[in-house]
Amino acid sequence: METTTNGQLIVIPTPIGNLGDITARSKEMLESCDLVLAEDTRVTRKLLTMLGLQAQVFPFHQHNEHHTTPGWIHQMELGKKIGLVSDAGTPGISDPAFLLVRAAIQAQIQVTCLPGPTAFVPALVMSGIPCDRFYFGGFLPPKKGRKTRWEFMASLPCTLVLYESPHRIQKTLKEAVQFCGGERQAAVVREISKLFEEAIRGNLSELEEKSKQSTWKGEMVLVIGSETCDQ
Ligand code: SAM
(Lines give C-alpha, C1' and ligand atoms only; values in the text may rest on other atoms or scores of the structure.)
Protein backbone atom coordinates (compact mmCIF):
# COMPACT_ATOMS: atom_id res chain seq x y z
CA MET A 1 0.00 0.00 0.00
CA GLU A 2 1.47 3.37 -1.05
CA THR A 3 1.39 5.97 1.72
CA THR A 4 3.41 9.06 2.48
CA THR A 5 2.53 9.40 6.20
CA ASN A 6 1.73 7.17 9.14
CA GLY A 7 -1.68 8.79 9.53
CA GLN A 8 -4.69 6.59 8.95
CA LEU A 9 -8.43 6.79 8.40
CA ILE A 10 -10.39 3.95 9.96
CA VAL A 11 -14.09 3.77 9.04
CA ILE A 12 -15.82 2.05 11.95
CA PRO A 13 -19.34 0.54 11.75
CA THR A 14 -21.51 0.80 14.88
CA PRO A 15 -24.67 -1.14 15.88
CA ILE A 16 -27.98 -0.45 14.08
CA GLY A 17 -29.92 -1.62 17.14
CA ASN A 18 -28.43 -4.36 19.26
CA LEU A 19 -25.32 -3.17 21.05
CA GLY A 20 -23.98 -6.73 20.95
CA ASP A 21 -23.31 -6.27 17.24
CA ILE A 22 -20.27 -4.07 17.85
CA THR A 23 -17.21 -6.11 16.91
CA ALA A 24 -14.17 -6.62 19.12
CA ARG A 25 -12.06 -4.98 16.43
CA SER A 26 -14.33 -1.91 16.23
CA LYS A 27 -14.01 -1.46 20.01
CA GLU A 28 -10.25 -1.85 19.78
CA MET A 29 -10.06 0.78 17.02
CA LEU A 30 -12.35 3.24 18.81
CA GLU A 31 -9.99 3.05 21.74
CA SER A 32 -6.72 3.22 19.82
CA CYS A 33 -7.57 6.11 17.46
CA ASP A 34 -6.15 9.53 18.32
CA LEU A 35 -9.60 10.99 17.75
CA VAL A 36 -13.04 9.95 16.54
CA LEU A 37 -15.16 11.85 14.03
CA ALA A 38 -18.88 11.37 14.66
CA GLU A 39 -22.08 12.25 12.82
CA ASP A 40 -23.74 13.24 16.11
CA THR A 41 -21.26 13.53 18.96
CA ARG A 42 -24.00 12.98 21.59
CA VAL A 43 -25.00 9.65 20.03
CA THR A 44 -21.38 8.52 19.80
CA ARG A 45 -20.46 9.63 23.33
CA LYS A 46 -23.44 7.65 24.62
CA LEU A 47 -22.24 4.58 22.70
CA LEU A 48 -18.68 5.00 23.96
CA THR A 49 -19.94 5.30 27.54
CA MET A 50 -22.05 2.16 27.16
CA LEU A 51 -19.00 0.33 25.82
CA GLY A 52 -16.85 1.69 28.63
CA LEU A 53 -14.56 3.46 26.16
CA GLN A 54 -13.01 6.90 26.18
CA ALA A 55 -12.14 8.91 23.09
CA GLN A 56 -11.88 12.47 21.87
CA VAL A 57 -14.95 13.02 19.69
CA PHE A 58 -15.46 15.73 17.05
CA PRO A 59 -18.44 16.41 14.77
CA PHE A 60 -18.37 15.28 11.14
CA HIS A 61 -21.74 15.42 9.41
CA GLN A 62 -23.41 16.46 6.16
CA HIS A 63 -23.42 20.15 7.15
CA ASN A 64 -19.68 20.43 7.92
CA GLU A 65 -18.01 17.63 5.95
CA HIS A 66 -17.09 19.88 3.00
CA HIS A 67 -15.31 22.57 4.98
CA THR A 68 -13.76 20.36 7.68
CA THR A 69 -12.34 17.65 5.39
CA PRO A 70 -9.10 19.53 4.48
CA GLY A 71 -8.32 20.08 8.18
CA TRP A 72 -8.77 16.39 9.04
CA ILE A 73 -6.64 15.41 6.04
CA HIS A 74 -3.92 17.70 7.39
CA GLN A 75 -4.16 16.00 10.80
CA MET A 76 -3.67 12.61 9.18
CA GLU A 77 -0.75 13.97 7.16
CA LEU A 78 0.79 14.93 10.50
CA GLY A 79 0.42 11.28 11.55
CA LYS A 80 -2.94 11.15 13.37
CA LYS A 81 -5.00 7.96 13.31
CA ILE A 82 -8.62 9.05 12.87
CA GLY A 83 -11.71 6.87 13.43
CA LEU A 84 -14.91 7.77 11.59
CA VAL A 85 -18.35 6.67 12.81
CA SER A 86 -21.94 7.57 11.99
CA ASP A 87 -24.99 7.33 14.26
CA ALA A 88 -25.63 3.73 13.24
CA GLY A 89 -24.30 1.23 10.75
CA THR A 90 -21.48 1.71 8.31
CA PRO A 91 -20.40 5.28 7.51
CA GLY A 92 -20.61 5.90 3.78
CA ILE A 93 -23.79 3.84 3.42
CA SER A 94 -26.43 6.61 3.26
CA ASP A 95 -24.27 8.44 5.83
CA PRO A 96 -21.29 10.82 5.57
CA ALA A 97 -17.86 9.30 4.85
CA PHE A 98 -17.32 9.33 1.09
CA LEU A 99 -15.83 12.85 0.91
CA LEU A 100 -13.28 12.16 3.62
CA VAL A 101 -12.43 8.71 2.26
CA ARG A 102 -11.85 10.08 -1.25
CA ALA A 103 -9.76 13.02 0.01
CA ALA A 104 -7.67 10.67 2.18
CA ILE A 105 -7.00 8.37 -0.76
CA GLN A 106 -6.01 11.38 -2.90
CA ALA A 107 -3.61 12.45 -0.13
CA GLN A 108 -2.17 8.92 -0.08
CA ILE A 109 -3.33 8.28 3.45
CA GLN A 110 -4.06 4.69 4.39
CA VAL A 111 -7.82 4.07 4.51
CA THR A 112 -9.55 1.04 5.92
CA CYS A 113 -13.20 0.20 6.62
CA LEU A 114 -13.89 -2.43 9.25
CA PRO A 115 -16.55 -5.05 8.47
CA GLY A 116 -19.61 -4.63 10.68
CA PRO A 117 -23.27 -3.64 11.05
CA THR A 118 -25.25 -2.21 8.15
CA ALA A 119 -29.00 -2.47 7.53
CA PHE A 120 -29.21 -3.45 3.87
CA VAL A 121 -27.37 -6.77 4.08
CA PRO A 122 -29.55 -8.45 6.77
CA ALA A 123 -32.67 -6.95 5.14
CA LEU A 124 -31.76 -8.39 1.74
CA VAL A 125 -31.00 -11.82 3.16
CA MET A 126 -34.10 -11.87 5.42
CA SER A 127 -36.36 -10.85 2.53
CA GLY A 128 -36.03 -14.29 0.94
CA ILE A 129 -35.69 -12.56 -2.43
CA PRO A 130 -32.68 -13.51 -4.62
CA CYS A 131 -29.61 -11.72 -3.31
CA ASP A 132 -27.06 -12.82 -5.90
CA ARG A 133 -27.49 -9.55 -7.82
CA PHE A 134 -28.97 -6.40 -6.34
CA TYR A 135 -29.10 -2.64 -6.74
CA PHE A 136 -28.81 -0.55 -3.59
CA GLY A 137 -30.68 2.72 -4.10
CA GLY A 138 -30.31 4.21 -0.61
CA PHE A 139 -33.03 6.80 0.02
CA LEU A 140 -35.13 8.00 -2.91
CA PRO A 141 -35.14 11.78 -3.32
CA PRO A 142 -38.02 13.13 -1.18
CA LYS A 143 -39.71 15.08 -3.98
CA LYS A 144 -38.14 15.81 -7.37
CA GLY A 145 -36.47 13.04 -9.38
CA ARG A 146 -38.43 10.09 -8.01
CA LYS A 147 -40.08 9.24 -11.35
CA THR A 148 -36.71 9.06 -13.15
CA ARG A 149 -35.27 6.88 -10.39
CA TRP A 150 -38.27 4.53 -10.47
CA GLU A 151 -38.15 4.20 -14.28
CA PHE A 152 -34.46 3.33 -14.07
CA MET A 153 -34.88 0.88 -11.17
CA ALA A 154 -37.93 -0.84 -12.67
CA SER A 155 -35.88 -1.73 -15.75
CA LEU A 156 -33.05 -3.39 -13.82
CA PRO A 157 -32.79 -7.19 -13.99
CA CYS A 158 -31.96 -7.59 -10.29
CA THR A 159 -33.30 -7.14 -6.76
CA LEU A 160 -33.79 -3.56 -5.55
CA VAL A 161 -32.94 -2.42 -2.02
CA LEU A 162 -34.11 0.94 -0.66
CA TYR A 163 -33.91 2.70 2.67
CA GLU A 164 -37.17 4.27 3.81
CA SER A 165 -38.74 6.11 6.71
CA PRO A 166 -42.09 5.24 8.34
CA HIS A 167 -43.79 8.39 7.14
CA ARG A 168 -42.90 7.82 3.49
CA ILE A 169 -43.19 4.03 3.13
CA GLN A 170 -46.82 4.14 1.99
CA LYS A 171 -46.04 6.64 -0.78
CA THR A 172 -43.01 4.60 -1.85
CA LEU A 173 -44.99 1.34 -2.01
CA LYS A 174 -47.69 3.07 -4.05
CA GLU A 175 -45.07 4.26 -6.54
CA ALA A 176 -43.42 0.82 -6.54
CA VAL A 177 -46.74 -0.74 -7.67
CA GLN A 178 -47.16 1.98 -10.26
CA PHE A 179 -43.70 1.60 -11.80
CA CYS A 180 -42.78 -2.06 -11.15
CA GLY A 181 -46.26 -3.62 -11.18
CA GLY A 182 -48.07 -5.17 -8.23
CA GLU A 183 -46.92 -8.76 -8.82
CA ARG A 184 -43.27 -8.44 -7.87
CA GLN A 185 -42.14 -10.13 -4.66
CA ALA A 186 -41.14 -7.66 -1.96
CA ALA A 187 -40.40 -7.29 1.73
CA VAL A 188 -40.37 -4.51 4.26
CA VAL A 189 -37.78 -5.44 6.87
CA ARG A 190 -37.98 -3.27 9.96
CA GLU A 191 -36.24 -2.77 13.29
CA ILE A 192 -33.39 -5.16 12.44
CA SER A 193 -31.63 -6.49 15.55
CA LYS A 194 -34.16 -4.74 17.83
CA LEU A 195 -37.02 -6.05 19.97
CA PHE A 196 -39.69 -5.60 17.30
CA GLU A 197 -37.69 -6.88 14.33
CA GLU A 198 -40.08 -7.95 11.59
CA ALA A 199 -40.01 -8.97 7.93
CA ILE A 200 -43.30 -8.32 6.14
CA ARG A 201 -43.29 -10.28 2.89
CA GLY A 202 -45.69 -10.47 -0.04
CA ASN A 203 -46.11 -9.05 -3.49
CA LEU A 204 -46.01 -5.28 -3.93
CA SER A 205 -49.82 -4.91 -4.09
CA GLU A 206 -50.20 -6.89 -0.85
CA LEU A 207 -47.56 -4.82 0.90
CA GLU A 208 -49.13 -1.58 -0.28
CA GLU A 209 -52.47 -2.73 1.08
CA LYS A 210 -50.90 -3.77 4.40
CA SER A 211 -49.12 -0.43 4.72
CA LYS A 212 -52.50 1.32 4.55
CA GLN A 213 -53.94 -0.87 7.28
CA SER A 214 -51.13 -0.80 9.81
CA THR A 215 -48.68 1.84 10.95
CA TRP A 216 -45.14 0.53 10.61
CA LYS A 217 -42.91 2.29 13.05
CA GLY A 218 -39.15 2.46 13.32
CA GLU A 219 -36.44 2.04 10.73
CA MET A 220 -37.05 0.01 7.62
CA VAL A 221 -35.63 -1.34 4.39
CA LEU A 222 -37.71 -2.11 1.29
CA VAL A 223 -36.57 -5.03 -0.89
CA ILE A 224 -38.18 -5.62 -4.29
CA GLY A 225 -37.59 -8.66 -6.49
CA SER A 226 -36.91 -8.31 -10.20
CA GLU A 227 -39.57 -9.01 -12.81
CA THR A 228 -38.09 -12.43 -13.44
CA CYS A 229 -37.53 -13.47 -9.82
CA ASP A 230 -39.40 -16.65 -8.77
CA GLN A 231 -42.91 -16.00 -7.51
N1 SAM B 1 -25.27 3.73 7.71
C2 SAM B 1 -26.46 2.96 7.89
C3 SAM B 1 -26.22 1.55 7.37
O4 SAM B 1 -25.08 1.16 7.23
O5 SAM B 1 -27.19 0.82 7.11
C6 SAM B 1 -27.67 3.62 7.27
C7 SAM B 1 -27.96 4.98 7.78
S8 SAM B 1 -29.38 5.72 7.06
C9 SAM B 1 -29.22 7.36 7.63
C10 SAM B 1 -30.68 5.16 8.08
C11 SAM B 1 -31.60 4.16 7.36
O12 SAM B 1 -31.05 2.86 7.42
C13 SAM B 1 -32.97 4.03 8.00
O14 SAM B 1 -33.87 5.03 7.55
C15 SAM B 1 -33.40 2.66 7.55
O16 SAM B 1 -33.87 2.69 6.21
C17 SAM B 1 -32.06 1.91 7.59
N18 SAM B 1 -31.88 1.29 8.92
C19 SAM B 1 -31.01 1.67 9.87
N20 SAM B 1 -31.13 0.87 10.96
C21 SAM B 1 -32.09 -0.02 10.67
C22 SAM B 1 -32.68 -1.12 11.38
N23 SAM B 1 -32.30 -1.43 12.61
N24 SAM B 1 -33.65 -1.82 10.76
C25 SAM B 1 -34.05 -1.53 9.50
N26 SAM B 1 -33.54 -0.52 8.80
C27 SAM B 1 -32.56 0.23 9.36
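User: Which residues are the closest to the ligand, and how many surround the ligand in total?

Analyst: Keep in mind that this is a predicted model. To read a ligand shell, start with the residues that have a heavy atom within 4 Å of the molecule. Here the shell holds 19 residues, and the closest are Ile 93, Asp 95, Thr 118, Tyr 163 and Met 220.

User: What polar contacts should I look at, say around Thr 118?

Analyst: Look for N or O pairs within 3.5 Å. A side-chain N or O atom of Thr 118 sits 2.6 Å from a ligand oxygen. Then check the backbone: a polar backbone atom of Ile 192 is 2.9 Å from a ligand nitrogen, and a backbone N or O atom of Ala 88 is 3.2 Å from a nitrogen of the ligand. As for cover, the ligand on its own has 570 Å² of accessible area, and the protein covers 91% of that.

User: Where does the ligand sit, and which elements give two or more residues to its shell?

Analyst: The ligand is in the largest pocket. Strands β7 and β10 (220-224) each supply two or more shell residues.

User: How does β7 (residues 159-164) connect with β6 (residues 134-139)?

Analyst: Follow the bridges, then the chain. The two strands run parallel, joined by 5 bridges; in one pairing, Phe 136 partners Val 161 of β7. Between β6 and β7 the chain passes through helix α6 (residues 146-154), making a right-handed β-α-β crossover.

Note on methods: Residues numbered from 1 in each chain as written. Predicted model: local features only at pLDDT ≥ 70, side-chain atom pairs only at ≥ 80, totals over all residues. Heavy atoms only, no water. Pairing = 2+ DSSP bridges. Helix = DSSP H or I, 4+ residues; strand = E, 2+ residues; numbered from the N terminus. Right-handed = clockwise from strand over helix to strand, strands pointing away. Polar contact = N/O pair within 3.5 Å; in protein donor to acceptor, adjacent residues only side chain to side chain. Areas by Shrake-Rupley, 256 points an atom, 1.4 Å probe, with all protein chains shown as cover. 1 Å grid on protein atoms, 1.4 Å probe; cavity = no way out; pocket = protein on both sides within 12 Å on 5 of 7 lines; lining within 4 Å. Sits in = over half its atoms within 2 Å of the grid points.
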